[in-house]
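Biologist: Could you take one part of this protein and go through it slowly with me, explaining how each piece of evidence leads to the next? I am in my first year, so please spell out the reasoning.

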Amino acid sequence: MTADLQRGLEGVAVAETRLSRVDGDAGELTIAGFPLDELAPNATFEETLFALYEDRLPDADELDAFQTELAEKRHASQEAIDTVVAAADRGLPPMDAVRMGTAAASLTRDGDEDPRTDAALAVAQLPTVAAAYERARDGDDPVEPREDLSHAANYLYMLDGEEPSAERVRGLETYLNSVVDHGLNASTFTARTVVSTESDVISGVTGAVGALKGPLHGGAPGPVLDMLEDAATADDPGDVVRETLDAGERVMGFGHRVYNVRDPRAAVLQDAAESFYEGRDETAFFDAAREFEDVAVDILAEHKPDLRLETNVEFYTAVLLNGVGVPRDMFTPTFAVARAGGWTAHCLEQLEDNRLIRPRASYVGAEDREWTPVDER
């Protein structure tokens, strides 16, 4: 029987969560009880993560202690660093290195397998291994993390070895907050499924990284930047959209599986990008992106009048991360740096009232076959 089959579990509620609420029809996202546009531009990443873990904002002393806890756990093992450097030397994709480096966070447990400790280790070390891979790929030595910098500032520092400006940090911080959690997406569901077996949180995050590697989940911001650069050299930016559609390809950065209107994260990241680019030499790039968005939305409406293909999170992710200095091949690993907060919060929430996640499949194979010995086939 397949009458109740829901492919991809679309529309099926399988858990209750206080971490985030996604309203696709209204175009609203709530994280830890805060509307996205209230939280993302104001909070530090550590404040957002604390709110996800504890269901409230920290006071000054709690925030200081939490920042210290994460900072002290940033130092990945030498074996983890050697692994991601080897991945870079062999030309493996960034997300392969992040997956291997994240799994190696278990080496720094010191015998403590408490889920909350695992969560902090995964969040703290994922940026370290991602940055080490990027530097090794460029032929540079990894940069040791600094405990006196915030989570966002330290990640930027480890990427290029320079202490970042306040503007770069705020831009990245707004991004990290905007994408830290988003309901039961594929990677988050993977993390919860893994820990529902009573496996450990680091294994859950490692599985989530594997899910995020797939291009249908976290791989489009880089191609968005490629598309914007193509549009910048075209006589008519709309030609890039039309040629993409004529080739039967997807226009990256537009449309979303959940949102029937404009992705609320796009609006927050657009504001962050506008603030970052204002007064800089690269203002023309931001202005061109805004023009391209308007042109693309109009063409998509003509091409597919039954759908509302508005900008999604990937469009202004590309614009903002490019501005703050994250290399385009590191866009998806940087997404993982942010989403590790949501993954670990979901793992902890799953373990609070655990039930093994065990959906069923509808069998559509053959029936009543008879066995034939090999010499009679």
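Modeller: What follows is a close look at helix 2, its end, and the salt bridges that can be compared with the one found there.

Please keep in mind that this is a predicted model. Helix 2 covers residues 45-54, and because 8 of its 10 residues are buried, the helix is largely enclosed by the rest of the structure. The buried residues are Phe45, Glu46, Thr48, Leu49, Phe50, Ala51, Leu52 and Tyr53. To count as buried here, a residue must have under 20% relative accessible area.

Just after helix 2 comes Asp55, whose backbone takes a positive phi of about 65 degrees. At 45% relative accessibility, Asp55 counts as partly exposed. The side chain of Asp55 meets that of Arg18 in a salt bridge, with 3.9 Å from N to O. Since Arg18 lies in the segment before strand 1 (20-23) and Asp55 in the loop between helix 2 and helix 3 (60-72), this pair ties together parts that are 37 residues apart in sequence. Arg18 is also partly exposed, with a relative accessible area of 30%.

This pair belongs to a wider set, for the structure holds 25 salt bridges. Another of them joins the side chains of Lys213 and Asp96, at 2.5 Å from N to O. Lys213 lies in helix 10 (residues 201-213) and Asp96 in helix 5 (residues 94-103), so here the parts tied together are 117 residues apart in sequence. The two partners fall into separate classes of accessibility: Lys213, at 38% relative accessibility, counts as partly exposed, whereas Asp96 is buried, with a relative accessible area of 10%.

A buried partner appears again in the salt bridge between Arg168 and Asp160, whose closest N and O atoms are 3.3 Å apart. In that pair Arg168 is the buried residue, with a relative accessible area of 15%, while Asp160, at 31% relative accessibility, counts as partly exposed. Salt bridges can also share partners, and in this way Arg262, Arg290, Glu293 and Asp294 are joined into one network.

To return to the part we began with, helix 2 is largely enclosed by the rest of the structure because 8 of its 10 residues are buried, and Asp55, just after the helix, has its side chain in a salt bridge with that of Arg18.

Terms used. Residues numbered from 1 in each chain as written. Predicted model: local features only at pLDDT ≥ 70, side-chain atom pairs only at ≥ 80, totals over all residues. Heavy atoms only, no water. Buried < 20%, exposed > 50% of the residue type's maximum accessible area, 1.4 Å probe, protein only. Helix = DSSP H or I, 4+ residues; strand = E, 2+ residues; numbered from the N terminus. Salt bridge = Lys/Arg side-chain N within 4 Å of Asp/Glu carboxyl O.
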